[in-house]
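Here's a quick walk through a few spots worth a look. Pull up the model and follow along.

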Amino acid sequence: MYNHKKHQEPVPEQMTKVWECATDGCNSWMRDNFAFDHEPNCMVCSAVMKSGERMLPVLDNPNSIKA
């Protein structure tokens, strides 16, 4: 049988700085270079967010400010 799916190359991933919600029941997170604030609050529950890292696909933000 013929398979119609094209072979896709794997997406490159790297360790990325993120902000994670500090509340136990909330799974909200965002990439650091997409945050509007230096220390953002959770957009779901408005709690404090803590800094962390995740293995994520490479994604550049051309509008981010390089500090």
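Let's begin with the core of this predicted model. The largest nonpolar core has seven residues: W19, C21, C26, M30, A35, C42 and M49.

Which residues does W19 touch, once its neighbours within four places in sequence are left aside? Three of its contacts, M30, A35 and M49, are also members of that core. The rest of the list runs through S28, W29, D32, H38, E39, P40, K50 and S51.

Now for the cysteines. C21 and C26 both sit in the core, as does C42, so how many disulfides does a search of the whole structure find? Zero. Take C21: the nearest cysteine sulfur belongs to C45 and lies 3.5 Å away, and C21 is in no disulfide. The view from C45 matches, with the sulfur of C21 as its nearest at 3.5 Å and no disulfide there either. Because a disulfide needs the two sulfur atoms within 2.5 Å, the 3.5 Å between C21 and C45 doesn't qualify.

Are these two residues buried or partly exposed? C21 is buried, whereas C45 is partly exposed. Here they are with T16 for company:

| Residue | Relative accessibility | Class |
|---|---|---|
| T16 | 11% | buried |
| C21 | 7% | buried |
| C45 | 35% | partly exposed |

As for T16, you'll find it in strand β1, which spans residues 13–21. T16 counts as buried because its relative accessibility is 11%, under the 20% cut-off. Beyond its neighbours within four places in sequence, T16 is in contact with R31, G52, E53, R54 and L56.

Key. Residues are numbered from 1 along each chain as its sequence is written. This is a predicted model: local features need pLDDT of at least 70, side-chain atom pairs count only at pLDDT 80 or more; totals for chains, interfaces and linings use all residues. Side-chain values use heavy atoms; hydrogens and water are left out. Helices (H or I, at least four residues) and strands (E, at least two) are DSSP runs, numbered from the N terminus. Buried means under 20% relative accessible area, exposed over 50%, partly exposed in between (1.4 Å probe, protein chains only). Contact means heavy atoms within 4.5 Å. A nonpolar core is a set of buried Ala, Val, Leu, Ile, Met, Phe, Trp, Tyr and Cys residues joined through side-chain atoms within 4.5 Å.
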